[in-house]
Amino acid sequence: DGLFIGRGDLTAAYEAESWDAPRVRAAVERTARAAIANGITLCAMVGKGDAEWLKAVGVTAFIVSSDQGLMRQSASQALADFAQVMRKPETGNSK
C-alpha cells in the first residue's frame, strides 16, 4: 500500500499558482507526516529541483516523468538530431 501525493490536484484545489506555493507545500507536509505516522509509503511526481525537499519530507517513491513527458522528450531529441543532420554540408557523394 502507498499514498500518491497529487501536487497538481492540490494546486488546482487550492487555486494556487504552482506546485511550490506555500499552501500546497504545507498540505504536502501535513499529508507526509500523517502517512509516516501510519507507516504508509509516499509517492510523488518530481519536478526540477524539488526531489531533495520531497525526500526530506518522507517521499520514498518518485515518478520522474509521465508517459507524455517521455514521448515529448524523445520526440524533441529526434527532431534535434534530424535538424543537426540537415545543417551539415553535403559531402559531394551524390552523382
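Okay, a definition to start with: a strand here is a DSSP run of E, at least two residues long, and strands are numbered from the N terminus. With that in hand, F62 sits in strand β3, residues 61-63. I'll come back to F62 in a bit.

What you have on screen is a predicted model. On confidence, the protein chain averages a pLDDT of 89, and 96% of the residues score at least 70. If you go element by element, α2 has the highest mean pLDDT, at 96, while helix α4, residues 67-87, has the lowest, at 88.

Right, the overall layout. We've got 4 helices and 3 strands in the protein chain. Reading from the N terminus, the order is β-α-α-β-α-β-α. Now, the radius of gyration is 21 Å, and the globule rule gives 12 Å for 95 residues, so this chain is more spread out than a compact globule. You can see that in the box too: along the principal axes, the C-alpha atoms fill roughly 75 × 30 × 20 Å.

How much of the protein chain is buried? Buried residues come to 22% of the 95. The chain exposes about 7,200 Å², with carbon and sulfur atoms supplying 55% of that. As for contacts, take the ones with a separation of 6 or more: 41% of them are between residues 24 or more positions apart. And for the electrostatics people, there are 11 positive and 11 negative charges, and their mean positions are 6 Å apart.

Okay, back to the strands, and to two phenylalanines. F62 first. F62 counts as partly exposed, at 33% relative accessibility; the window for that label is 20% to 50%. Which residues does F62 touch, once you drop everything up to four places away in sequence? That would be A44, V46, A51, L54 and K55. Take the A44 pairing: F62 and A44 are 18 residues apart in sequence, yet C-alpha to C-alpha they're 5.3 Å apart in space.

The other one is F4, over in strand β1, residues 2-5. F4 is partly exposed as well, with a relative accessibility of 43%. Its contacts, again leaving out neighbours within four places, are C43, A44, M45 and I63. So A44 turns up on the list for F4 and on the list for F62, and I63 on the F4 list belongs to the residue range of β3. There's also a distance for F4 and T31: they're 27 residues apart in sequence and 10.0 Å apart in space, C-alpha to C-alpha.

Now a couple of loop residues. Is D50 buried or exposed? D50 is buried, with a relative accessible area of 11%, where the cut-off for buried is under 20%. You'll find D50 in the loop between β2, residues 41-45, and α3, residues 51-57. Beyond its sequence neighbours up to four places away, D50 touches R7 and W19.

Last one, E15, which has a backbone quirk. Most residues other than glycine have a negative phi. E15 isn't a glycine, but it has a positive phi of about 55 degrees. Where does E15 sit? In the loop between α1, residues 7-13, and α2, residues 22-37. And unlike D50, which is buried, E15 is exposed, with a relative accessible area of 72%.

That's what I had, happy to take questions.

How values were computed:
Residues numbered from 1 in each chain as written. Predicted model: local features only at pLDDT ≥ 70, side-chain atom pairs only at ≥ 80, totals over all residues. Heavy atoms only, no water. Rg over C-alpha atoms; globule rule 2.2 N^0.38 Å. Buried < 20%, exposed > 50% of the residue type's maximum accessible area, 1.4 Å probe, protein only. Contact = heavy atoms within 4.5 Å. Areas by Shrake-Rupley, 256 points an atom, 1.4 Å probe, with all protein chains shown as cover. Lys, Arg positive; Asp, Glu negative; His and termini not counted. Charge placed at Lys NZ, Arg CZ, Asp CG, Glu CD. pLDDT = per-residue confidence, 0-100.
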